[in-house]
Amino acid sequence: MKIKPSKLLKRHLNHLPRRIFWPSEIAQFLSEHRQQWDMPNVSIEELLKILLHQKFVIRAEFTSKNNKYDPIIRYIRGEHSTAELALSLQRDSFLSHGTALTMHGMAAPEKIIYVNREQSPKDRPDGITQTGIRLAFRNKQRQSKYVFTHSTVKYMLLNGKHTGRAGVTRAKAPSGETVDVTDKERTLIDVIVRPAYAGGIGRVVDAYAMGVNGIDVDHMIDLLQRLDHAYPYHQAIGFLLERAGRSHVDCNKFEALGKEFDFYLDYGMNRSAFNKKWRLHYPAVLD
């Protein structure tokens, strides 16, 4: 008995290892297999309509506020998680910042998922000055405007500095699947660099308190050197590790990296205090 084309479609889809497709990928899949399904004269558009009508795949549309950017379309087969959806939005991406804090048990979940894709390599900025640091941190942190929403979940797309995926690992998400995410040490560095992407400096301070005894300080320093940030973020990291109760021996490793400049724990602070040891301005409310 001849099998109906729709059943062939379903049978083939059920054997695919992937569950989320870009529009170009679903079109290529249909183009490659329509001969096998005895549907050589049916257009790709019509085949896609069959898939959608039979609910073999579902169309997911990610939209930006006021439709500022073109929507992102994905086609989904079977069960999926928000983490998998997030990583489908940009190729070679990984979960980072506040989302990574949550995955590593250092923060409660937020209503937004942070997805990072590295930029191409760029030259390191010229040397910094005290005046330049002060001007850079006097206003609120600039944030990515690439925020998309699907099914009440927000996804912020980040284009991070090129690092060769330093500190990116594979870890199990709360929903059970294994995904690419920054490790604990890289995450705690990233949220110091961009605290707004962790929900604010208060959540960063709490995350350091939660993760203080579960990190490898030597690995963290190695990552800092590989990331090669222009600003002296090691002063902020040492300050928070010391505040969270990490040993003097470990904190001294960050102090040994030098303290040439006064630095800032956060952007746009209205009232700040100053820690002389770390040469660090920090929100007075932390006291």
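**Notebook: histidine 97 and the largest pocket**

I began with histidine 97, which I found in helix 5, residues 97–103; helices here are DSSP runs of H or I with at least four residues, strands are runs of E with at least two, and both are numbered from the N terminus. The model is a predicted one, in which local features need pLDDT of at least 70 and side-chain atom pairs count only at pLDDT 80 or more, while totals for chains, interfaces and linings use all residues. Residues are numbered from 1 along each chain as its sequence is written, and side-chain values use heavy atoms, with hydrogens and water left out.

I looked up the burial of histidine 97 and noted a relative accessible area of 6%, so the residue is buried (under 20%; exposed is over 50% and partly exposed lies in between, with a 1.4 Å probe and protein chains only). Leaving out residues up to four places away in sequence, I listed what histidine 97 touches, including Tyr114, Asp190 and Arg194, where contact means heavy atoms within 4.5 Å.

I then turned to the largest pocket (on a 1 Å grid over the protein atoms alone, an open set of points where a 1.4 Å probe fits, with protein on both sides within 12 Å along at least five of seven lines; lining residues have an atom within 4 Å of a point). Its lining has 39 residues, and Gln119, Lys161, Val193, Arg194 and His229 are the closest to its centre. I noted that strand 7 gives the largest share of this lining, four residues, and that helix 6 (130–137) and helix 7 (184–193) each supply at least two.
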